[in-house]
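Visitor: Hi! Could you walk me through this structure in plain words?
Guide: Happy to, let's take a look together.
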Amino acid sequence: MTEDSDQPGLIAHRCPKGHLTYPGHTRCPECDQAQTETVDLSDREGEVITWTENTATPPGVREPNTLAIVAFEVAGESVRVIGQVDGAVEIGDIVEPVYVEQLRDPQAGIREPASQSWDGHRFRRVE
Amino acid sequence: MDVAIVAASMTDFGEHDSWIRDLLAEAGQACLDAAPLDREAVEHLYVSNMASGEFEGQTGVMNALAHDLGLLGVYTQRVDQTSASGGAGIYAAWQSVASGASECTLLVGGEKMTHRSTGEATDVIASLTHPVEYKHGVTLPSFAGLTARRYMDRFDAPRESLAEVAVKNHANGTNNPHAQFQTEIDVSTVLESPIVADPLRLYDFCPITDGAAALLFCPADVAAEYTDDYVVVSGIAGATDTHVVHERAEPTWMTGVEESGDEALTMAGRSIDDVDVAELHDMFTILEVLQLEALGVADRGEGWQLAQDGVTALDGAFPVNPSGGLKSKGHPLGASGVAQVVELYEQLLGRAGERQVNADIALACNVGGFGNCVTTTVLEGAR
């Protein structure tokens, strides 16, 4: 399953038992059921689980590139998302997603540009 | 059926002028030269390789190797499991002999990488990631930085303890003439090197490497007819973890290592306490620590202590990466899992020279992605 590319949402996928994943999968990794619902995380806040600042990035990627794994709580279920960070963060910080039209130059890397989307959400600390 | 390894070889690891076909042929020919069986015995040929097409524009390397080695007529197949291609090749070679499909199987793993810039090579490897990772510029080193920070925060592991892994593996590499690096380093070398993926620095990472390695497999009873110098694959198992790394419940726990290790040891009828020496996949210093925990050598959150306390040193209670590991020996992707077992073959036969340890039972853990695919192999001396 490919991620949604026609809308600036940050879309997690949910199976009938309530397990949430980002991105979606053909079957829920927890219980093997088809994922039938989506949840937009783009207007929610999450917590930084960990982060890194990458200073040796591949072609077409900003340098340095700070990345974080962020956990969102949705109806008692946790779902994690990885993404670029604007500014600095620490473990435990509360962040919000900010939509960006192009996260890296699709023409510069090895991946076929048409095979995936290149827009998405960076995380920014909520003051 | 017990499966034996009767010959092993590897090229020097480092920067080579030769390309993938030549590297594979050099290691494959050296293995056949060292083998007690005639080359006519070979029925299957497996080639472990992640990305010859992406690195060099050369596909079909298994057929090229069959032709170049004069093995026409054999069944051949390229095995790709990214960085774990070597371990997956061992699994394929073991299966071919254990099933009776092949009486003699040659496995050659190799990769040609150094003609690409660091950024380009990093991008080829990062192409294994999911689109939602790739579009953010996520690389394998960035997974290491994310995981190391989480590990240090959660378990109060000092930054120096990860550097100790690199110091140990560099020391071991000075005794391995095939290793890319032959230089000792100390903790300050690591901590003063440039940041790559904070908190990890240049010396926390393996280099980019050209090289190849090879092993020859046959039934143990056939091996015994020709030689006393062989080792037996007593256990082997593979496992997978999530493709999308952030979906793991706990980033610091390598479920694929735990599952493949448990299964391989169970197959061998052994526990981790029986193992005398291990080659682990130290693509990044943090990965050696996490594998020690997932394999049960250390309790959870305590793996960082082992290099610091000398437990995993060459003269320690549980030597890890006597070859120098990926860190010092180098990491030609498809060759690495094969080269781990080349080292353990030499160790079990007492041929490891200055880096020899006292070992009857050995374990190799080969990891692809950031623990996405794992093969664990248990080897035992024949005598």
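Guide: One term before we start: two strands count as paired if DSSP finds at least two bridges between them. Also keep in mind that this is a predicted model.
Visitor: Okay, so which strand of chain B does β4(B) pair with in the antiparallel sense?
Guide: That is strand β7 of chain B, residues 211-219, and the pairing runs over 7 bridges. One of the partnerships to look for is B:Gly110 with B:Ala212 in β7(B).
Visitor: And which strand runs parallel to β4(B)?
Guide: Strand β2 of chain B, residues 44-48, is joined to β4(B) by 5 bridges. There, B:Ser48 has B:Gly109 of β4(B) as its bridge partner.
Visitor: Is β4(B) buried or exposed?
Guide: Buried: 7 of the 7 residues in β4 of chain B, residues 105-111, count that way, so the strand is largely enclosed by the rest of the structure.
Visitor: Which residues sit on each side?
Guide: B:Thr105, B:Leu107, B:Gly109 and B:Glu111 are on one side, with B:Leu106, B:Val108 and B:Gly110 on the other, and both faces are covered. As a rule, side chains in a regular strand alternate between the two faces of the sheet.
Visitor: New topic! How is chain B split into domains?
Guide: The domain assignment gives domain 1 as 3-116 + 209-231 and domain 2 as 127-207 + 233-381. Their C-alpha centres lie 23 Å apart.
Visitor: How many residues are in contact between those domains?
Guide: On the domain 1 side of chain B there are 38, and they meet 37 residues of domain 2. The largest share of the domain 1 side comes from α4(B), with 8 residues. By class, that side has 19 nonpolar, 15 polar and 4 charged residues.
Visitor: What about chain A, how many helices and strands does it have?
Guide: Chain A has 0 helices and 8 strands.
Visitor: Why does its radius of gyration agree with a compact globule?
Guide: Because a compact globule of 127 residues would have a value near 14 Å, and chain A has 15 Å. Its C-alpha atoms fill a box of roughly 40 × 35 × 20 Å along the principal axes. In chain A, 38% of the 127 residues count as buried.
Visitor: Last one: how many residues does each chain give to the contact between chain A and chain B?
Guide: Chain B gives 35 residues and chain A gives 36. On the chain B side, the elements giving two or more residues are α5 (118-126), α6 (131-134), α7 (140-155) and β5 (195-197). That side has 13 nonpolar, 12 polar and 10 charged residues.

Definitions and conventions:
Residues numbered from 1 in each chain as written. Chains lettered and ligands numbered in written order. Predicted model: local features only at pLDDT ≥ 70, side-chain atom pairs only at ≥ 80, totals over all residues. Helix = DSSP H or I, 4+ residues; strand = E, 2+ residues; numbered from the N terminus. Rg over C-alpha atoms; globule rule 2.2 N^0.38 Å. Buried ≥ 20, exposed ≤ 12 C-beta atoms within 10 Å, placed from the backbone. Contact = placed C-beta atoms within 7 Å. Nonpolar A, V, L, I, M, F, W, Y, C, P; charged D, E, K, R; others polar. Domains from an automatic or database assignment.
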